[in-house]
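Trainee: Could you take me through one part of this in detail? I'd like a close look at the surroundings of the DNA, with the helices that belong to the story.

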There are 2 protein chains.
Amino acid sequence: MSGFTQASIQDIAKALGVSPSTVSRALKNHPDISEKTCKMVQEYAQKVHYRPNVFALGLKQRRSMTIGIIIPEIIHHFFSSVLSGIEDMAYGKGYRVMICQSNENHIREVINMQALLDHRVDGLIVSVSKSTLDFSHFKKAGDQQVPVVFFDRTCDEIDSDRVVTNDFEGARMVVSHLIKRGCRNILHLAGPQHLNVGRERYNGYVQALRDAGIKPKSNLVIKCDTPSKVEYRRSIILSRAPGIDGVFAVNDFSAAAVMRLLQENGFDIPGNIAVAGFGDDPLASMVRPALTTVEQRGYDMGRESARLLINRLDGNAKKEFQTRIFPAFLKVRESA
Amino acid sequence: MSGFTQASIQDIAKALGVSPSTVSRALKNHPDISEKTCKMVQEYAQKVHYRPNVFALGLKQRRSMTIGIIIPEIIHHFFSSVLSGIEDMAYGKGYRVMICQSNENHIREVINMQALLDHRVDGLIVSVSKSTLDFSHFKKAGDQQVPVVFFDRTCDEIDSDRVVTNDFEGARMVVSHLIKRGCRNILHLAGPQHLNVGRERYNGYVQALRDAGIKPKSNLVIKCDTPSKVEYRRSIILSRAPGIDGVFAVNDFSAAAVMRLLQENGFDIPGNIAVAGFGDDPLASMVRPALTTVEQRGYDMGRESARLLINRLDGNAKKEFQTRIFPAFLKVRESA
DNA sequence: AACTCCAGCGCAAACGATTGCGGAAAATAT
DNA sequence: ATATTTTCCGCAATCGTTTGCGCTGGAGTT
């Protein structure tokens with residue numbers, strides 16, 4: 001009710017005939033303050049809907065109880081899952097979050113970084129954009145004593161905590177599955193190789209082939225990690241199509257797109273060509289045939305990222321940085 | 001470079017042998033300060049990477065230059081598009097954003113609201129959660145002089161600026177299209193009727209039927225607005241299926257889910273049953289057959305929401321509240 | 001009676017930036 | 001030469017909260 005203006009500690013102090021310091025202490029049950037006073041203050045504070053001023057707090061304590069997050073694109077189910085995990089853990093520990101999207105754009109990432117640092121976030125959780133090759137903006141965070149946790153797409157140049165999926169093993173598993181199903185000539189729609197995820201998934205693909213005594217062929221690897229790139233490369237994909245019996249795409253979006261492309265051109269999935277993706281996006285179960293893919297535990301990864309960061313912020317983290325590797329799970333559906 | 005600690009205005013003042021007030025004014029080219037001093041201060045500030053302290057600023061100016069955003073679920077493409085629109089407009093006008101998800105949960109929405117108010121956002125842009133029936137938390141924003149703009153899912157009880165799609169017309173168009181294609185018995189998977197979007201789309205559906213002289217049947221309207229609800233209601237949907245020749249779902253997710261369900265049970269889309277959705281999610285073009293749907297201009301709606309809000313914040317808005325209605329566009333693909 | 005001790009509270013200085021007002025020096029006018 | 005205006009800058013208060021330190025009065029000790 002109380003209407004317009006937010007009550008401050010001084011307002012409460014004045015109204016109750018005590019000093020601001022007493023109010024401040026009473027609100028946190030400081031032992032110096034008598035029980036009676038505590039109760040009186042707290043009740044009055046409640047009545048006038050007192051809420052601490054975060055600006056004054058931040059100014060005084062030199063911390064914001066806020067975690068900054070930079071992710072490439074929030075629209076991907078994996079990233080939103082991670083986000084939920086981070087939020088839940090953070091809220092539970094009294095932290096808030098501030099979310100920025102880089103839109104896979106390096107410049108935007110740098111701007112976001114600055115904005116978050118300007119807002120004096122206590123720590124950062126980041127998954128780097130595809131177009132980021134220079135990591136100096138992350139070092140700036142280190143300079144300002146702001147710890148960074150990288151998840152999924154990490155930055156090797158910077159010593160930090162990391163939370164990743166076992167991309168290698170996930171890729172190896174799903175490609176092995178394709179081989180077990182009888183595939184011999186498996187096309188890989190690869191992600192950027194300067195990103196750990198792209199590299200690891202590629203490596204897992206190669207490993208699975210080797211395990212089965214199949215020689216990897218470089219013309220069966222195409223850099224192509226979005227639906228629009230699938231469209232852009234349709235002619236080369238279609239030129240390979242007659243000679244292949246399987247596709248492993250670096251993510252579900254490309255997998256769905258290539259599946260559609262192949263279907264439109266008369267190939268039966270999985271009859272002629274089996275298709276597998278990576279990530280288990282909700283999309284995977286909505287397309288036809290439903291997509292065989294690799295499940296990542298995004299939510300748990302988010303929680304763990306936040307846990308690692310907050311431990312460090314609260315000073316109860318080991319000095320050495322850690323890398324948490326989450327298992328990947330093969331999710332067999334209809335497409336392979 | 002400069003290492004650990006962020007330089008403050010006082011640090012600069014001390015280093016340059018001037019007063020903090022001079023530095024403050026020099027940094028914004030105040031006419032009281034000589035050109036020479038301005039240049040000196042600005043150059044030094046640049047050198048030490050001076051960045052204003054948002055806490056001090058917020059405390060003094062009693063505004064944060066930050067817009068709070070509450071949306072149901074960021075994972076929906078529509079909402080992320082709106083988000084991008086808001087961000088672009090806001091950044092362009094010197095505002096930052098703080099994003100919260102309600103996850104369609106009323107409690108969470110209330111908490112988010114309080115968190116944003118605690119952070120002293122200057123204004124709010126909100127799309128209300130499905131489970132919100134009580135709007136008192138929004139009134140609290142009004143009490144604190146924090147203007148709110150509602151988009152898409154509005155709140156009728158509160159006088160405010162609004163930005164919406166012409167849901168009625170969109171629904172009418174797409175259902176008319178179904179009818180033109182020959183559909184007579186069209187199932188509607190409806191959203192919650194306490195939300196304007198659910199209601200308007202339903203009304204558009206009814207209007208299209210009436211326009212064609214078809215009598216709406218209540219047993220052809222099922223409340224069902226997510227894939228999991230489609231699953232949950234599969235038996236009733238399938239019991240209706242033999243008698244229908246079209247489906248209009250309140251969003252693309254449900255449309256895709258129902259399409260799969262029907263296909264799995266031997267119905268050909270669009271041969272036996274035509275299916276249409278709403279929203280033009282990227283999903284729509286990835287499923288088979290590609291989904292006929294209604295396009296909403298999410299990005300533009302985001303920009304407009306931010307524009308309306310910022311105009312009000314900057315004091316150059318008319319007193320009366322406005323409602324901006326964005327057109328919807330029929331997007332015909334393969335499913336209908 | 002004089003002492004110590006402690007519970008309970010207030011003073012005042014931060015944190016970093018802004019801004020109205022006043023004042024010294026320099027420039028201009030008389 | 002003095003008077004007047006400009007130019008340029010500093011003082012100090014302010015935003016709301018925290019916190020080290022000091023003060024008071026009453027209870028307990030000797």
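Mentor: Sure. A residue is near a strand if one of its heavy atoms lies within 4 Å of that strand. Keep in mind that this is a predicted model.

Let's begin with DNA strand C, which has 28 residues around it. The closest of them are Thr22(A), Arg25(A), Thr37(A) and Arg62(A) from one chain, plus Ile9(B) from the other. As for which part of the strand is touched, sugar and phosphate make up 57% of the atoms of DNA strand C that come within 4 Å of the protein.

Some polar contacts on the phosphates are worth pulling up on your screen. A polar backbone atom of Ser34(A) sits 2.8 Å from a phosphate oxygen of DNA strand C. From chain B, Tyr50(B) puts a polar side-chain atom 2.7 Å from a phosphate oxygen of that strand, and for a polar side-chain atom of Lys28(B) the distance to a phosphate oxygen is 3.0 Å.

Now for the elements behind this surface. At least two residues each come from α2 and α4 of chain A, and from α1 (9-16), α2 and α4 of chain B. The largest share near DNA strand C belongs to α4(B), with 4 residues. Sorted by class, the surface near DNA strand C has 8 nonpolar, 12 polar and 8 charged residues.

Next comes DNA strand D. Here 28 residues surround the strand, and Ile9(A), Thr22(B), Thr37(B), Lys60(B) and Arg62(B) come nearest. Sugar and phosphate account for 56% of the DNA strand D atoms within 4 Å of the protein.

On this strand, let's look at the bases. The side chain of Arg25(B) has an N or O atom 2.7 Å from a base oxygen of DNA strand D. Ser21(B) brings a side-chain N or O atom to 3.1 Å from a base nitrogen of DNA strand D. Chain A takes part through Lys60(A), where a polar side-chain atom lies 3.1 Å from a base oxygen of the strand. The elements giving two or more residues to the surface near DNA strand D are α1 (9-16), α2 (20-27) and α4 (54-61) of chain A, together with α2 (20-27) and α4 (54-61) of chain B. α4(A) gives the most, with 4 residues. The class split for the surface near DNA strand D is 8 nonpolar, 12 polar and 8 charged.

Two of those elements, α1(A) and α2(A), also deserve a look as a pair. Two packed helices are described by the angle between their axes and the distance between the axes. In this case the axes of α1(A) and α2(A) come within 8 Å and cross at roughly 110°, which means α1(A) is roughly perpendicular to α2(A). From α1(A), the contact uses Ile9(A), Gln10(A), Ile12(A) and Ala13(A), and these meet Pro20(A), Val23(A), Ser24(A) and Leu27(A) of α2(A). That contact contains 6 nonpolar and 2 polar residues, with no charged ones. Notice that Ile9(A) turns up twice, as one of the residues nearest to DNA strand D and as a member of the contact between α1(A) and α2(A).

Conventions
Residues numbered from 1 in each chain as written. Chains lettered and ligands numbered in written order. Predicted model: local features only at pLDDT ≥ 70, side-chain atom pairs only at ≥ 80, totals over all residues. Heavy atoms only, no water. Polar contact = N/O pair within 3.5 Å; in protein donor to acceptor, adjacent residues only side chain to side chain. Nonpolar A, V, L, I, M, F, W, Y, C, P; charged D, E, K, R; others polar. Axes fitted to C-alpha atoms, helices over the stretch in contact; angles between N-to-C directions. Parallel < 35°, antiparallel > 145°, perpendicular 65-115°, else oblique. Contact = heavy atoms within 4.5 Å.
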